[in-house]
Amino acid sequence: MNITVVGTGYVGLVTGTCFAETGINVTCVDIDKKKIEKLRKGEVPIYEPGLDVLLERNIDKGRISFTTSLQKGIQECDAVFIAVGTPPDEDGSADLKYVLGVAREIGQHMEDYKVVITKSTVPVGTSFKVKAAVEEELQARNVRIPFDVASNPEFLKEGSAVDDFLKPDRIVVGVESKRAEKVMKRLYKPFLMNGHPLLFMDIFSSEMTKYAANSMLATKISFMNDIANLCELVGANVDLVRKGIGSDTRIGNKFIYPGTGYGGSCFPKDVQALVRTADEYGHSLEVLKAVEAVNYRQKTTLVEKIKRHFDNDLKGKQFGMWGLSFKPKTDDMREAPSLVIIEELKALGATIRAYDPVAMEEAERILGDKIEYAKDEYDAIIDADALILVTEWSEFRMPNFRILEKLMNQKVIFDGRNVYDPEEMEELEFTYYSIGREPVQSNEKQTVDL
Ligand code: UDX
């Protein structure tokens, strides 16, 4: 079988590479010439564990190739996956110009039957817009070539994208015809070895599933963040509450970790887009509106704690920041809580020296000289008045606190991910703030206060 994947971003590149791994011939198309040149040499433009090895192997085997020409790309394929970006408009709704542009090009160049699959996360109803765009172009050419559209949302997580794609919890496909269903069944058969389901449904439901899934996950996080904040006020410990509720199988123990708010390319964008869609239908999604508001507030939770600790005077204060990416194992900075925290601290006159294991380059591209860039985690906290931990990279889990003590100006930690144990912090005499747990005031701080 031959497939074409248009768009070599996160979803497109992982999709193409993983399909190639099953023995299918894959052509990846992207308008970005530089990116295509790099990919031909096996250079992966994003940080995604395991993807480089897989890509190189499939290039060597001749199962994956790259081109900037969609016309060439779609000549011999049975199915085309559209995996281009859908950046949010100013009003939060998804901008479909790239998706529909690709659909039109497919209509301009296809010569035989194809399934045109929307893989990008798109608002409910988009696959039918794709269908109309292809049809329009075929009509303009005055040809009658059969084709089907399908919706096949992607649920992979950054940082474990390859694994998620190769061993999915489920695969969701929205189709309109038996012919398209047959093609999709053949394509996905190799991924069903773990017994997880391939769910066929109508196109509207398939498109809706993606938004509902991400919105439900975002809801879990905002709910837990809200509960964590209340835990602090009433003197409860959110770690215990999390375990207490997570062992109820109806609730589950995943995705209920409080923190500095969710970020990334999906949750913020998808929650906003679904709220917009509902508004367009005259229905207000009250729960999701609150999810978004809570998340916005949560991104500034650490800043509020910092302000309180330093009696609202951050002028000239120096902070070491650990972690910049929106979560570990990625260099993605989109909607990262670190950006909000940096912005707020800077506005209050503080300076920040940051370290992230992989996102330094990306951070510098976005933040320029707004912050200082450290060469490692210890370098980041030299002379710092406090350490702020924003992303829970594993290498931050067991630092040498004796070194911290020597290098820092004050022994104060603001932990946005509950990585450290408050009891240990107390023993080490650090002043320690986390999320949803009672703060630890060190003796040192008390002496200063007296
Ligand atoms: C998410 C979805 O999981 C995936 O199915 C979809 O295809 C794309 O969006 P991703 O954005 O890569 O994937 O990240 P994910 O690991 O889901 O984390 C999202 C955000 O939630 C991160 O900012 C993370 O720190 C936060 N989070 C996650 C929490 O704050 N607490 C949790 O318990 C879990």
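Biologist: How do you know where domain 1, domain 2 and domain 3 begin and end?
Modeller: In this predicted model, the bounds come from an automatic or database domain assignment. That assignment gives 2-201 for domain 1, 211-298 for domain 2 and 301-449 for domain 3.

Biologist: What makes residues of domain 1 and domain 3 count as a contact?
Modeller: Their C-beta atoms, placed from the backbone, must lie within 7 Å. The contact takes 4 residues from domain 1 and 7 residues from domain 3, while the C-alpha centres of these domains lie 40 Å apart. On the domain 1 side, the touching residues are 2 nonpolar, 1 polar and 1 charged.

Biologist: Why are β1 and β4 called paired strands?
Modeller: Pairing asks for at least two bridges. Strand β1 (residues 2-6) and strand β4 (residues 79-82) are joined by 4 bridges, so they pair under that rule. The two run parallel, and one bridge links Val6 to Ile82 in β4.

Biologist: Nice! And what makes β3 and β8 the edge strands?
Modeller: Happy to explain: the open sheet has 8 strands in the order β3-β2-β1-β4-β5-β6-β7-β8, with mixed pairing. Both β3 (64-67) and β8 (198-201) pair on one side only. From one strand to the next, the twist averages 25 degrees.

Biologist: Which strands does helix α8 lie across, and at what angle does it run to β7?
Modeller: Helix α8 (residues 178-188) lies across β1, β4, β5, β6, β7 and β8. Its angle to β7 (171-175) is about 160 degrees. Angles run from 0 to 180 degrees between N-to-C directions, so a value of about 160 degrees puts the helix and β7 in roughly opposite directions.

Conventions: Residues numbered from 1 in each chain as written. Predicted model: local features only at pLDDT ≥ 70, side-chain atom pairs only at ≥ 80, totals over all residues. Contact = placed C-beta atoms within 7 Å. Nonpolar A, V, L, I, M, F, W, Y, C, P; charged D, E, K, R; others polar.
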